[in-house]
Amino acid sequence: MSINKRQPFVAGNWKMNGSLDLVKDFNEKLAGFSTNTEVVICAPATLTHAFNQNGFSVGAQNVSHLDNGAHTGELSVGMLKEAGCGYVIVGHSERREDQGESNALVALKAKKCIENDLVPIICVGESLEIREAGEVESFVGQQLKAITDILSIEELAKTVIAYEPIWAIGTGKTASPAQAQQVHEFIRGYFSKIDAELAEGLRLLYGGSVKPDNARTLFAQQDVDGGLIGGASLKAEDFISICQAAN
Ligand code: PGA
């Protein structure tokens, strides 16, 4: 079982935060940043064009599942690529909740990304109620099923999956390394039933209150290949230290 085969991956999720000044700060502080970790900053789509991408890549936080047309306020894969994006977060729990994005819509978005050479970072994860009811695996399994129903093995191999328990997002309550590993192992096991090689190569990120002081133990878990970082990705020093913890 060679965990080394999977390159560590850390993505920042700026959410609805940031400015051109913050981009400039990151451009300077991350310049030439050299690490074995694949580093991506998912910023508001109005800012992505301004990153110099020197030592890191850039992503968006949402995309339409449609190509173009009368869909006011939506952004297409082509638009995001022109704005410098190589990655997109899809199905973040905040969008599933605030915009009512369904499992099926999230899967369509992921498919549209892959068909257009954008890497989807697909988010899954349960609420506290679901965890307390002991239904984490069936809930996350349903989220995964929507994706595996419409993506081929070759397409699935081009995705990154982020497990983000909703109760840990922005709350300061991180899942314990053991809790994170337990769900990551379930997720990898889910994919291994489809194809063992796919499962072995898939990068699984943990997200939810990852900070410089807890990143290393989380990332040391066997099935945790990196993180999706919200609050701590808004300070270059903290973000860099989390990226280093993933090495
Ligand atoms: P957090 O957010 O690190 O602020 O908890 C993670 C996320 O929502 O992606």
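The legends below describe close-up views of a predicted model.

**View 1. The ligand and the residues that surround it in the predicted model.** Of the 13 residues around the ligand, those that come nearest are K15, H92, E164, G170 and S209. By residue type, this shell divides into four nonpolar, seven polar and two charged residues. Three side chains can be followed to oxygen atoms of the ligand: an N or O atom in the side chain of K15 is 2.7 Å from a ligand oxygen, a polar side-chain atom of E164 lies 2.7 Å from a ligand oxygen, and for N13 the distance from a side-chain N or O atom to a ligand oxygen is 3.4 Å. The protein covers 97% of the 280 Å² of accessible area that the ligand has on its own.

**View 2. The buried and exposed faces of helix α1, residues 20-29.** Within this helix, L22, V23, F26 and N27 are buried. These four residues cover an arc of only 140° around the axis, which puts them on the same side of α1. In general, an α-helix has 3.6 residues a turn, so residues three or four places apart point the same way. The face turned away from the buried side of α1 carries D21, K24 and E28, which are exposed. The packing partners of the buried residues of α1 are β2, residues 38-42, and α11, residues 236-245.

**View 3. The surroundings of A246, in the segment after α11.** With a relative accessible area of 10%, A246 is buried, because residues under 20% are counted in that class. When neighbours within four places in sequence are left aside, A246 is in contact with P8, V10, T37 and F219. V224 and A246 are 22 residues apart in sequence, and their C-alpha atoms are 9.5 Å apart in space.

**View 4. Q53, a residue with positive phi in the loop between β2 and β3.** The phi angle of Q53 is near 55°, a positive value in a residue other than glycine. The loop that holds Q53 is followed by β3, which spans residues 57-60. At 30% relative accessibility, Q53 counts as partly exposed.

**View 5. D117, a residue with positive phi in the loop between α4 and β5.** Although D117 is not a glycine, its phi is positive, at about 60°. The elements on either side of the loop that holds D117 are α4, residues 103-115, and β5, residues 119-124. The relative accessibility of D117 is 65%, and D117 therefore counts as exposed, a class that takes in values over 50%.

Definitions and conventions. Residues are numbered from 1 along each chain as its sequence is written. This is a predicted model: local features need pLDDT of at least 70, side-chain atom pairs count only at pLDDT 80 or more; totals for chains, interfaces and linings use all residues. Side-chain values use heavy atoms; hydrogens and water are left out. Buried means under 20% relative accessible area, exposed over 50%, partly exposed in between (1.4 Å probe, protein chains only). Helices (H or I, at least four residues) and strands (E, at least two) are DSSP runs, numbered from the N terminus. The arc is that of the directions from the helix axis to the C-beta atoms. Contact means heavy atoms within 4.5 Å. A residue is near a molecule or strand if one of its heavy atoms lies within 4 Å of it. A polar contact is a pair of N or O atoms within 3.5 Å; within protein, one must be able to donate a hydrogen and the other to accept it, and residues adjacent in sequence count only if both atoms are side-chain atoms. Accessible areas come from the Shrake-Rupley method with a 1.4 Å probe; for residues, only the protein chains shown count as cover. Ala, Val, Leu, Ile, Met, Phe, Trp, Tyr, Cys and Pro count as nonpolar, Asp, Glu, Lys and Arg as charged, and the others, Gly among them, as polar.
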